[in-house]
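Please open the model in a viewer with residue selection enabled. The tour below proceeds stop by stop, stating what to select and what is found there.

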Amino acid sequence: MTTKSKVVEKKYLVPFILITSLFALWGFANDITNPMVAAFKTVMEMSNARASLIQFAFYGGYATMAIPAALFVQRFSYKKAILLGLTLYAIGTLLFWPAAKYEVFEFFLIALYILTFGLAFLETTANPYILSLGSDETATRRLNLAQAFNPMGSLLGMFVASQVILKSLQSDIRNEAGALVFPTLDEAGKAAIRTQDLAVIRDPYLILGLVVLCMLVLIAFTKMPKTGHANHIHPMQSFRNLIKNRRYREGVLAQVFYVAAQIMCWTFIIQYAENLGIDKSTAQLYNIVAMGIFLTSRFISTFLMKYVNARKLLMIFALGGMGTITGTILIEGMAGLYFLIATSAFMSLMFPTIYGIALEGIGKDATLGSAGLVMAIVGGALMPPLQGAIIDMGTVGPLPAVNASFILPFISFVMISIYGYRSYRLMK
């Protein structure tokens, strides 16, 4: 369906650009962190399940802070919430310095946990703010456009992870037979490499913290339009309204499964490639290709929404994801890896589309509704450790465990396709 309304009106262009830059900023944090599961597994000599606590801490921060962020917005303003979010984001990144100094895995987890307090504030605030910068008619398309810049930050994060971090890790050096040298070293040799590698992991986060502080100053001195956020809405009344809304309620569940699928596909692509004899740095390049496909598909799907209903398109893309993940599970070798990479094309529209559908028409309850959808990011905390535990099994029946573990993203796409179908039928 075509529309005469502009996606972004001229009077909102500057704030739209500034807030959209935040999407790239948290995309960078997400995708420089995903490969750290594989990095910490080697350098700290731990299981996939334990290393996956990186994702538990990272995405658990969203679940912890989303509701407080929404209440803060209601009490104060979008701008103040964004500034607080950037402050927490910066603190979390700068805590990587003492974490690397003391070489304690739990300290890194705390740093990531605090970092994502900031991201929870940013996402809880930026998403509904983008929706409010213009007409309701173009809100979902506007959010898809803003979200299209998220994978740009993600691509940069992946590149830094691959070319600056993973490529520089001494613990990932292999011998002529392709086996890791690090586990064969004595304790003194391991300690020296561990210190060097943790410094390699630390430095990009410290630089990121400085960038975040610069963005904080820029937004602090920029006038941001007020778009009628709900200063005086009682939280319990909003909560009751949202619980009664079937489309919103099921949207939160669909978002849990989407974020879980995304994080699992992008985190464990390295383990999938390693099972084929590919080193971490090279494996991360395949992740970059996947993100490039994701970014391209995001723009294509935003265009398609002019002609195809967003709910219907969500269902079609979820079915496509089920198809590619089936290939990932059942086909061993490079073809299975290519199917995993192709899955990103179908994930591209899911987060902002589920978000837009779930919040459609909820008016004054949008701030708390946004918090519920940001809390749904907890799916990225809960399911990766489960997938890591499956991978640690070695084999599952006739399949390598890493292949079989992708049954979890498959189940996630099934749930998303059901939401697309049900929300489409509810509209008719």
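## Stop 1: Helix α15

In this predicted model, 15 of the 21 residues of α15 are buried, so the helix is largely enclosed by the rest of the structure. Select residues 310-330 to display α15. From its first C-alpha to its last, the helix reaches 30 Å, close to the 30 Å expected at 1.5 Å a residue.

Next, add Asn-309, which caps the N-terminal end of α15. A side-chain oxygen of Asn-309 lies 2.8 Å from the backbone nitrogen of Arg-311.

Within α15, select Thr-328. Is Thr-328 buried or exposed? Thr-328 has a relative accessible area of 0% and is therefore buried. A polar atom of the Thr-328 side chain lies 3.1 Å from the backbone nitrogen of Leu-340. To see the surroundings, show the residues in contact with Thr-328 beyond its neighbours within four places in sequence: Tyr-272, Gly-336, Phe-339, Leu-340, Asn-403 and Phe-406.

## Stop 2: The two domains

Colour residues 7-229 as domain 1 and residues 231-427 as domain 2. The centres of the two domains, taken over C-alpha atoms, are separated by 19 Å. How many residues of domain 1 are in contact with domain 2? The contact involves 53 residues of domain 1 and 51 residues of domain 2.

## Stop 3: Aromatic pairs

The whole structure holds 19 aromatic pairs. Select Tyr-78 and Tyr-129, which form one of the stacked kind, at 4.7 Å centre to centre with 25° between the planes. This pair links distant parts of the chain, since Tyr-78 belongs to helix α5 (residues 78-94) and Tyr-129 to helix α7 (residues 105-132), 51 residues apart. Tyr-78 is buried at a relative accessible area of 8%, and Tyr-129 is buried at 1%.

Then select Phe-96 and Phe-108. Their ring centres are 5.4 Å apart and their planes lie at 70°, so this pair is edge-to-face. Because Phe-96 lies in helix α6 (residues 96-102) and Phe-108 in helix α7, the pair ties together parts that are twelve residues apart in sequence. Phe-96 counts as buried, at 1% relative accessibility, and Phe-108 is buried with a relative accessible area of 0%.

Extend the selection to Phe-40, Phe-105 and Tyr-205: ring pairs link these residues with Phe-96 and Phe-108 into a cluster.

## Stop 4: Charges over rings

Select Arg-75 together with Phe-76. Arg-75 lies over the face of Phe-76, at 5.1 Å from the ring centre. Move next to Lys-101 and Tyr-102, where the charged end of Lys-101 sits over the ring of Tyr-102, 6.0 Å from its centre.

## Stop 5: Helix α2 and the loop after it

Select residues 36-43 to display α2. Seven of the eight residues of this helix are buried, so α2 is largely enclosed by the rest of the structure. Which residues of α2 are buried? They are Met-36, Val-37, Ala-38, Ala-39, Phe-40, Thr-42 and Val-43. Phe-40 is also one of the members of the ring cluster visited at Stop 3.

Continue to Glu-45, in the loop between α2 and α3 (48-51). Most residues other than glycine have a negative phi. In Glu-45, however, phi is positive, near 50°. Glu-45 is partly exposed, with a relative accessible area of 40%.

## Stop 6: The loop between α6 and α7

Select Glu-103, located in the loop between α6 and α7. What is the phi of Glu-103? The value is near 55°, positive in a residue other than glycine. Glu-103 is partly exposed, with a relative accessible area of 26%.

## Stop 7: Lys-226

Finally, select Lys-226, in the loop between α10 (187-220) and α11 (235-244). Lys-226 is exposed, with a relative accessible area of 78%. Display Tyr-78 once more, the buried residue from Stop 3. The C-alpha atoms of Lys-226 and Tyr-78 are separated by 8.0 Å, although the two residues are 148 residues apart along the chain.

Notes:
Residues are numbered from 1 along each chain as its sequence is written. This is a predicted model: local features need pLDDT of at least 70, side-chain atom pairs count only at pLDDT 80 or more; totals for chains, interfaces and linings use all residues. Side-chain values use heavy atoms; hydrogens and water are left out. Helices (H or I, at least four residues) and strands (E, at least two) are DSSP runs, numbered from the N terminus. The expected span of a helix is 1.5 Å times one less than its number of residues. Buried means under 20% relative accessible area, exposed over 50%, partly exposed in between (1.4 Å probe, protein chains only). A polar contact is a pair of N or O atoms within 3.5 Å; within protein, one must be able to donate a hydrogen and the other to accept it, and residues adjacent in sequence count only if both atoms are side-chain atoms. Rings of Phe, Tyr and Trp (its six-membered ring) pair if their centres lie within 6.5 Å; planes under 30 degrees apart count as stacked, over 60 as edge-to-face and the rest as tilted. A charge sits over a ring if NZ of Lys or CZ of Arg is within 6 Å of the ring centre and within 35 degrees of the ring normal. Contact means heavy atoms within 4.5 Å. Domain bounds come from an automatic or database domain assignment.
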